[in-house]
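Dear colleague,

I am passing the structure on to you with this email, and below it you will find my notes on what was found. Please read them with the coordinates open beside you.

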Amino acid sequence: IGLLPATAWAANETTYVLAGSDFQARKGHSEGAGTVSTILDNIVVDYPTMDGFLFAGDYDVNYDDSANGKATLQDTVQEVYGEGMHEVYGQGNHDADNLVGNTLNASGANDASDYGVFLINEKDYMWYNDDEATIKNTASKLETYLNTKRNAEYKKPIFVVSHLPLHYNMRTRTSGNGDGKYANYIVTLR
């Protein structure tokens with residue numbers, strides 16, 4: 001797991017957003033909570049307040065307990081930063097589709113007051129990239145979102161959150177699973 005502070009400029013004030021992915025400890029959620037606590041103990045020294053938390057999915061290493069993993073992660077982060085943050089929890093390839101819209105945020109706009117967030121869940125840009133039509137539809141929705149922001153002369157930062165990378169990587173080439181093969185539809189928007 002990696003949690004990184006990201007700084008966004010909005011209205012001449014600094015907004016702090018914490019981001020991460022893959023809450024997957026081999027020995028369970030308690031071990032994962034310990035790891036995240038250690039990371040946050042170091043971050044909170046320099047960043048005592050956090051405005052947002054964006055998490056790109058995978059809440060369980062075994063694919064079968066993501067709801068409890070997400071709850072453990074959320075409790076761990078809120079223990080340090082409280083419940084006042086804007087929080088977005090995306091779906092990774094270890095997380096079931098039925099969690100989206102319930103435990104996890106729905107794909108699309110998940111904006112905060114000081115920044116925009118467009119979430120791309122696993123079911124909309126999937127592991128193996130085996131549904132070109134779905135990925136084209138996801139790209140179209142992102143394009144509409146961005147055009148709406150541009151037409152409104154939106155000046156705040158926008159984060160696009162996806163569990164799977166959009167860039168070509170070794171999993172695209174060597175694993176045979178095709179991760180990233182249809183990313184061009186998302187990356188080359190007009």
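Tyr115 counts as buried, since its relative accessibility is 1%, and I should say at once that this value, like those that follow, comes from a predicted model. A search of the whole structure finds 9 aromatic pairs. In one of them, Phe53 and Tyr89 meet edge-to-face, with 5.7 Å from centre to centre and 70 degrees between the planes. Because Phe53 belongs to strand β3 and Tyr89 to strand β4, this pair ties together parts that are 36 residues apart in sequence. Phe53 counts as buried at 0% relative accessibility, and Tyr89 is buried as well, with a relative accessible area of 2%. Tyr115 forms an aromatic pair with Phe159, edge-to-face, at 5.6 Å centre to centre and with 85 degrees between the planes. That pair links distant parts of the chain, 44 residues apart, given that Tyr115 sits in the loop between β5 (108-109) and β6 (116-120) while Phe159 lies in strand β7 (residues 158-162). Returning to Phe53 and Tyr89, both belong to one aromatic cluster together with Phe55 and Tyr59.

Tyr59 also appears in the lining of the largest cavity, alongside Phe23, Gln24, Ala25, Gly28, His29, Asp60 and Val61. The search of the whole structure finds 1 cavity of 30 Å³ or more, and the volume of the largest cavity is about 30 Å³. Its lining divides into 4 nonpolar residues, 3 polar and 1 charged.

His29, named in that lining, is also one of the buried residues of helix α1, where Gly32, Ala33, Val36, Leu40 and Ile43 are buried too. Helix α1 has 18 residues and reaches 26 Å from its first C-alpha to its last, close to the 26 Å expected at 1.5 Å a residue. Val44 is likewise placed in α1, but with a relative accessible area of 25% it is partly exposed, the cut-off for buried being under 20%. Leaving aside neighbours within four places in sequence, Val44 is in contact with Val80 and Tyr81. Between Val44 and Ser162, which are 118 residues apart in sequence, the C-alpha to C-alpha distance is 25 Å.

Tyr81 brings us to helix α2, in which the buried residues are Ser66, Gly69, Lys70, Leu73, Gln74, Thr76, Val77, Gln78 and Tyr81. These buried residues pack against β2 (13-20), α1 (29-46), β3 (52-55) and β4 (86-89). At 1.5 Å a residue, the 16 residues of α2 (residues 66-81) should span 22 Å, and the end C-alpha atoms are indeed 22 Å apart, which agrees. Just after α2, Gly82 takes a positive phi of about 80 degrees.

Finally, which residues are in contact with Trp127, once its neighbours within four places in sequence are left aside? They are Tyr63, Asn93, Glu122, Leu164, Arg171, Asn177 and Asp179. Trp127 is placed in the loop between β6 and α3 (132-151), and at 24% relative accessibility it counts as partly exposed. The C-alpha atoms of Trp127 and Ala183 are separated by 12 Å, although these residues are 56 residues apart along the chain.

With kind regards

Key: Residues numbered from 1 in each chain as written. Predicted model: local features only at pLDDT ≥ 70, side-chain atom pairs only at ≥ 80, totals over all residues. Heavy atoms only, no water. Helix = DSSP H or I, 4+ residues; strand = E, 2+ residues; numbered from the N terminus. Expected span 1.5 Å × (residues − 1). Buried < 20%, exposed > 50% of the residue type's maximum accessible area, 1.4 Å probe, protein only. Contact = heavy atoms within 4.5 Å. 1 Å grid on protein atoms, 1.4 Å probe; cavity = no way out; pocket = protein on both sides within 12 Å on 5 of 7 lines; lining within 4 Å. Points joined across faces, edges and corners; volume = space filled by probe spheres on them. Nonpolar A, V, L, I, M, F, W, Y, C, P; charged D, E, K, R; others polar. Phe/Tyr/Trp six-rings, centres within 6.5 Å; stacked < 30°, edge-to-face > 60°.
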